[in-house]
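Biologist: Hey, could you walk me through this one? I'm new to it.

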Amino acid sequence: MLKGDITAGSGTRVLLSGKGVILSNNGGQISLYDNKGALMHEVKYTSREVRSGWTLVF
C-alpha cells in the first residue's frame, strides 16, 4: 500500500523491489484508490508495451 498524495496534474515515481508488487510482462492493470476505497484512477498495459529494463510511464 502506498500512502501520500498525488495532486492533480502531477505525478510520482514508484520503484518496485520485486518483493511485493510485481508487474507482469504479459500486461495487466494498476488501480489507485483513495483512503476511503473509492477508485480514483486505473490504467491497463499490454505485453506489447513492456520492454525489459525500460520504464513504463502511465
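**A quick tour**

Modeller: Sure, let's begin with Gly9, which is found in the segment before strand 1; strands are DSSP E runs of at least two residues and helices are H or I runs of at least four, numbered from the N terminus. Keep in mind that this is a predicted model, where local features need pLDDT of at least 70, side-chain atom pairs count only at pLDDT 80 or more, and totals for chains, interfaces and linings use all residues. Residues are numbered from 1 along each chain as its sequence is written, and side-chain values use heavy atoms, with hydrogens and water left out.

Biologist: Is Gly9 buried or exposed?

Modeller: Gly9 counts as exposed because its relative accessibility is 89%. Exposed means over 50% relative accessible area, buried under 20%, and partly exposed in between, using a 1.4 Å probe and protein chains only.

Biologist: How far apart are Gly9 and Gly28 in space?

Modeller: They're 24 Å apart, C-alpha to C-alpha, with their positions 19 residues apart in sequence numbering.

Biologist: Switching topic, how many helices and strands does the protein chain have?

Modeller: The chain has 0 helices and 2 strands.

Biologist: And what share of the residues counts as buried?

Modeller: Of the 58 residues, 5% do.

Biologist: What size of box do the C-alpha atoms fill?

Modeller: Roughly 35 × 20 × 20 Å, taken along the principal axes.

Biologist: What about contacts between residues at least 6 apart in sequence?

Modeller: Of those, 10% join residues at least 24 apart, where a contact means heavy atoms within 4.5 Å.
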